[in-house]
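Subject: Structure handover, with notes on what was found

Dear colleague,

I am passing on the structure we spoke about, and my notes follow directly below it. Please read them with the model open beside you.

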Amino acid sequence: MDRMLLEQLAGEALREVLGAVRGTLFCRSTAERLRRSVEPLLPLVQGLGPHAAQRSAGELGELAARIREALDLARRAASSPRWNVYRAAQLARRMEAADRGIARWLERHAPAHVIGNVRRLRDEADARIGRLERRVEEIAAAAQPPPPPALSVPVAPPPLKGVPMQMPMPMDAPPLMHKGVPMPMDAPPFAKAAMPVEAAPHKAGVMAMEMDLAEGEVVGGGGLKMAKERVKEMVMSGVGGGGWEVVGISGMGGSGKTTLAMEIFRDHKVRAYYNDRIFFETISQSANLESIKMKLWEQISGNMVLGAYNQIPEWQLKLGPRDRGPVLVILDDVWSLSQLEDLVFKFPGCKTLVVSRFKFPTLVRQTYEMQLLDEEEALSVFCRAAFDQECVPKTADKRLVKQVSAECRGLPLALKVIGASLRDQPPKIWLSAKNRLSRGEAISDSHETKLLERMAASVECLSEKVRDCFLDLGCFPEDKKIPLDVLINIWMEIHDLDEPDAFAILVELSNKNLLTLVNDAQNKAGDLYSSYHDYSVMQHDVLRDLALHMSGRDPLNKRRRLVMPRREETLPRDWQRNKDTPFDAQIVSIHTGEMKESDWFQMSFPKAEVLILNFASSVYYLPPFIATMQNLKALVLINYGTTSATLDNLSAFITLSGLRSLWLEKITLPPLPKTTIPLKNLRKISLVLCELNNSLRGSTMDLSMTFPRLSNLTIDHCIDLKELPSSICEIISLETISISNCHDLTELPYELGKLHCLSILRVYACPALWRLPASVCSLKRLKYLDISQCINLTDLPEELGHLTNLEKIDMRECSRLRSLPRSSSSLKSLGHVVCDEETALLWREAEQVIPDLRVQVAEECYNLDWLAD
């Protein structure tokens, strides 16, 4: 009733304002401006109709108050005597203020009305389409035509070399996003190819492959459509009762739970029901529950949680966000009741959808259980993975194909992994796979354990090096992106692989659906001069379980990989029980919270070549047994906490004379001492999200003595880095320098030209960088220069043409670069320039002189995936 009165008042006031303004003789221009501001509001207010319910009474009341003020001023201006110029001037100023007030209201609220109308039209269209679909289904059901005969399609030929294979996506995969909007699952293939992929709420570790299971396929016995309708009914009922509620989706790993949850997340009707207030979060076994709950609350309430302890006030949690409508929170990959109890919001109007392998009957009111595929559905999924078609081709042994498919026991992920592993294989390999799968049946009574053994059979078919590389993936935390640079480097160190061979194995595992390359890494990271640290790998948690299952067959002290499967506060007890016997592990992976000196116990790792330390804390004491790892080649420290961590026990580095690679992520580096023990074999240092400035400022350390063989230096997202110490230019062994996303870096050392071995120089996404030192033109071996996204770079050194070996320049988004040095035409080895359209015009003259030069105009691409980590 109040809203109707406000609408009526606003409409009448608008008409009176327009009439009064027309009668105003003096301050005509001001009154006319006020009229132009007010007149368009009349149809807006009159057209609100029944949809005004989405706008609050407070907003309409504010509009009505401003219109009343304008009405009063217009009336007084119209009745003002012509001789009273002072009064007219006063009214003119006040009418100008009223005009500005109405303009501010329009800026704040008019877009919301437009969005509301668009949403209304969309909902009406969805309703019409839904009615048409139901009518078509009714007609089709009445007709009941006989099924058409199956078409015979020849076996798909193997993919050409160099052509990436399309990869089927498992059931727990996230949707593709286009400009922040989830793509419909039934989008045609050409639409997907044309749309850039952006980050979406995702289940970390899920394989982001082509989602063919969701394109008209079934997730479980009743199909995706029926499952989706059942879950929609659960999440869209009972919210208006004023309470809170928890509902669930349950099923074994790889059964399609996350796919179904993502379908709910992006469903138009569900989003309209909750007014787009739907929030998706992946939990996993090692989740930081406090930070997740804080993040969700900030999204739900729209307020930052501030204070000494960053705790959400209890009274806020009970009351909930005021006057903002119902909320749906989707919690994916929940592993325990205690996790769920900590994360459920119990304010009126909040519904939680929990996605888990387990049921929680004490808290979850309704649970939809995922169904495994029946024989026909499973065969269709399997054939798509093995043959790229819906049915068994004529050239294949139909009976054998059905037997192998049946051994997967209806689990979509197993069907896809095993099917992909047998693609283009001869019949004898198929028979061997069938026999191996059959032998896995007696391993355990557990369905999931038996399926792990069946999927293990497909891994056993891989060559020894490829199989070992797959098993190494289990050494990284679940539901976390694995830095591609770290993975490739580990493989190179412990498997004696060259970089191209390691990348080829990565692609092979991706093509066999055993991992996922994020951000189109297969194509982009495969470029000759690409940087791996921009890309990452993800793995489905079931596949990680498979890797751990296969690695854990040997006794603890004999295992090649010693891994903590999930984050724990202390080291595992079985490690402590066996600490007196040396461990044969080649890779050791530890995942904890804060560790003090007393939390460690001494262990012996005489064969360890890789140590991965994952933790979440602001202070971390390095394990004392590092000093005994005489064969350690790669050390990886990744801090998953919210702030940078300070390291203690740095003296452990003294004995690491064989260390070749060091990766530090979210670490505060201490000030470098004047002298230190040289790490004479260290070839590669990567510093990511680290705090560096205090360690480099005023340092007098002779870096060339400390790192005499350093060849690769990577500094990424170290935002406090303002300048590089000139002593870096004394490390004449450096071949690659990559500095990216360091926003305060203004210039490079003038002595950079001393690095005569440097062949790759990347300085991109450093917006404060305003010039390159002239000495860069002395880098005679430089082959690749990347200055992309250095938006304040105004010119290039005049003697750029002296870089006679330069083969490629990436200079996209250098918007202030207006000219090229004249010497650029002397770059005879230059074959590829990547730049924006305006910059491409600057290279026209050089194109005529340099015979093989190709100037590529790059598409705009803004990637903020790292913010979600």
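A residue is called buried here when its relative accessible area is under 20%, exposed when that value is over 50%, and partly exposed in between. Please keep in mind throughout that this is a predicted model, and that the values below were computed from it.

Salt bridges

By that cut-off K232 is buried, because its relative accessible area is 9%, whereas E229 counts as partly exposed, at 41% relative accessibility. These two residues form a salt bridge in which the closest N and O atoms are 3.7 Å apart. Both belong to helix α7, which spans residues 223–235, and they sit three residues apart, or about one turn of the helix. The pair is also part of something wider, since K228, E229, K232, E263, R266 and D267 are linked in a network of salt bridges. Over the whole structure, 23 salt bridges were found.

Two further pairs may interest you. R384 forms a salt bridge with E390, and here the closest N and O atoms are given as 1.7 Å apart. R384 counts as buried, with a relative accessible area of 14%, while E390, at 44% relative accessibility, is partly exposed. The other pair is D485 with K684, whose closest N and O atoms are 2.7 Å apart. This salt bridge links distant parts of the chain, with D485 in helix α19 and K684 in strand β19, 199 residues apart. Both D485 and K684 are buried. As general background, side chains of opposite charge can pair when their charged atoms come close.

The largest cavity

D485 and K684 appear again in the lining of the largest cavity, together with V486, N489, I490, A634, L635, V636, S661, L662, W663 and S686. The structure holds four cavities of 30 Å³ or more, and about 70 Å³ of space lies in the largest of them. Which elements supply at least two residues each to this lining? They are α19 (484–494), β15 (634–639), β17 (661–665) and β19 (684–688), and α19 gives the most, with four residues. In terms of residue character, the lining divides into seven nonpolar, three polar and two charged residues.

Helix α8

Two members of the salt-bridge network, E263 and R266, are also among the buried residues of α8. This helix covers residues 257–266 and is mostly covered, with 10 of its 10 residues buried. Besides E263 and R266, the buried residues of α8 are K257, T258, T259, L260, A261, M262, I264 and F265. F265, which lies in this helix, counts as buried because its relative accessibility is 7%. The C-alpha atom of F265 is separated by 9.5 Å from that of D276, a residue 11 positions away along the chain.

A three-stranded sheet

There is also an open sheet of three strands, in the order β14-β16-β18, with parallel pairing. Its edge strands are β14 (619–621) and β18 (667–668), each of which pairs on one side only. Strand β14 runs parallel to β16 (residues 645–648), and three bridges join the two. Within this pairing, the bridge partner of Y621 is D648 in β16.

Cysteines

How many disulfides does a search of the whole structure find? The search finds zero. A disulfide would need two cysteine sulfur atoms within 2.5 Å of each other, and the sulfur of C718 is too far for a bond because the closest cysteine sulfur, in C690, is 5.1 Å away. C742 is likewise in no disulfide, the nearest cysteine sulfur, that of C766, being 5.2 Å away. As for their surroundings, C718 counts as buried at 0% relative accessibility, and C742 also counts as buried, at 0%.

With kind regards

Note on methods
Residues are numbered from 1 along each chain as its sequence is written. This is a predicted model: local features need pLDDT of at least 70, side-chain atom pairs count only at pLDDT 80 or more; totals for chains, interfaces and linings use all residues. Side-chain values use heavy atoms; hydrogens and water are left out. Buried means under 20% relative accessible area, exposed over 50%, partly exposed in between (1.4 Å probe, protein chains only). On a 1 Å grid over the protein atoms alone, a cavity is a set of points where a 1.4 Å probe fits but cannot get out, and a pocket is an open set with protein on both sides within 12 Å along at least five of seven lines; lining residues have an atom within 4 Å of a point. Grid points are joined across faces, edges and corners, and a volume is the space filled by probe spheres set on the points. Ala, Val, Leu, Ile, Met, Phe, Trp, Tyr, Cys and Pro count as nonpolar, Asp, Glu, Lys and Arg as charged, and the others, Gly among them, as polar. A salt bridge is a side-chain nitrogen of Lys or Arg within 4 Å of a carboxyl oxygen of Asp or Glu. Two strands pair if DSSP finds at least two bridges between them.
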